[in-house]
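These are my notes from going through one model, entry by entry. I began with exposure, then turned to charged pairs and strands.

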Amino acid sequence: GLRILKPDSIVAVHSCRPLEVAVATATIRLIDWLVTEFEWRAVDAYCLVSTCPDFRINVYQMCRMGKLGYVAGAEIPKRYL
């Protein structure tokens with residue numbers, strides 16, 4: 001999946017329909033990223049994105065054109081890494 005490294009945060013991105021699937025998959029990919037690249041335990045990564053007030057879901061594209069999906073990103077500040 002697409003990953004974005006911003007100066008102060010990391011973002012896992014997914015495109016899909018419906019929007020709820022794009023959001024859920026982006027969140028799962030962020031959790032997986034925390035586990036595989038930052039050596040978090042899965043339960044700790046899940047708890048972080050479930051309770052952190054700085055966790056964000058961004059919707060980048062919502063156009064319903066042909067087969068294009070919605071694009072969502074799950075973002076967490078690097079200070080939590």
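Before the first entry I fixed the terms: a residue is buried under 20% relative accessible area, exposed over 50%, and partly exposed in between. The model is predicted, and I read every entry below with that in mind.

**Entry 1: a nonpolar patch**

I looked up V59 and found a relative accessibility of 38%, so I entered V59 as partly exposed. The residue belongs to strand β3, which covers residues 56–61. I then asked which residues make a nonpolar surface patch with V59. They are I57 and M62, and the patch comes to about 240 Å².

**Entry 2: salt bridges**

How many salt bridges does a search of the whole structure find? I noted four. I followed up three pairs, starting with E37 and R3.

The side chains of E37 and R3 form a salt bridge, with 3.9 Å from N to O. E37 sits in helix α1 (residues 19–38) and R3 in strand β1 (residues 2–5), so this pair ties together parts that are 34 residues apart in sequence. For R3 I recorded a relative accessible area of 36%, which means partly exposed. The distance falls inside the cut-off I applied, a side-chain nitrogen of Lys or Arg within 4 Å of a carboxyl oxygen of Asp or Glu.

Next I took D44 and R41, whose closest N and O atoms are 3.0 Å apart in a salt bridge. I checked both partners for cover. D44 has a relative accessible area of 32% and is therefore partly exposed. R41 reaches 54%, so I put R41 down as exposed.

The next pair was R79 and D54. Their salt bridge has its closest N and O atoms 2.5 Å apart. R79 lies in the segment after β4 (70–77), while D54 lies in the loop between α2 (42–51) and β3; the pair links distant parts of the chain, 25 residues apart. Is R79 buried or exposed? I have R79 as exposed, because its relative accessible area is 61%. D54 has 22% relative accessibility and therefore counts as partly exposed.

I added one general remark to this entry: side chains of opposite charge can pair when their charged atoms come close.

**Entry 3: S9**

I moved on to S9, which is placed in strand β2 (residues 9–16). Its relative accessibility is 6%, so S9 counts as buried. Which residue does the side chain of S9 join through a polar contact of 2.5 Å? The partner is the side chain of E75. I then listed what touches S9, leaving aside its neighbours within four places in sequence: I4, E75, I76, P77 and K78.

**Entry 4: β2 and its partners**

From S9 I widened the view to the strand. Six of the eight residues of β2 are buried, and I noted the strand as mostly covered.

I looked up the pairing with β1 and found it antiparallel, over four bridges. The two strands make a hairpin, with three residues between them. Within this pairing, I marked L5 opposite I10 of β2.

I then checked β2 against β4. These strands also run antiparallel, and eight bridges join them. Here I marked V13 as standing opposite G73 of β4.

I closed the entry with a general reminder for reading the sheet: in a regular strand the side chains alternate between the two faces.

Definitions and conventions. Residues numbered from 1 in each chain as written. Predicted model: local features only at pLDDT ≥ 70, side-chain atom pairs only at ≥ 80, totals over all residues. Heavy atoms only, no water. Patch = residues over 30% accessible without salt bridge, like charges linked within 9 Å, V, L, I, M, F, W, Y side chains within 5 Å. Areas by Shrake-Rupley, 256 points an atom, 1.4 Å probe, with all protein chains shown as cover. Buried < 20%, exposed > 50% of the residue type's maximum accessible area, 1.4 Å probe, protein only. Polar contact = N/O pair within 3.5 Å; in protein donor to acceptor, adjacent residues only side chain to side chain. Contact = heavy atoms within 4.5 Å. Pairing = 2+ DSSP bridges.
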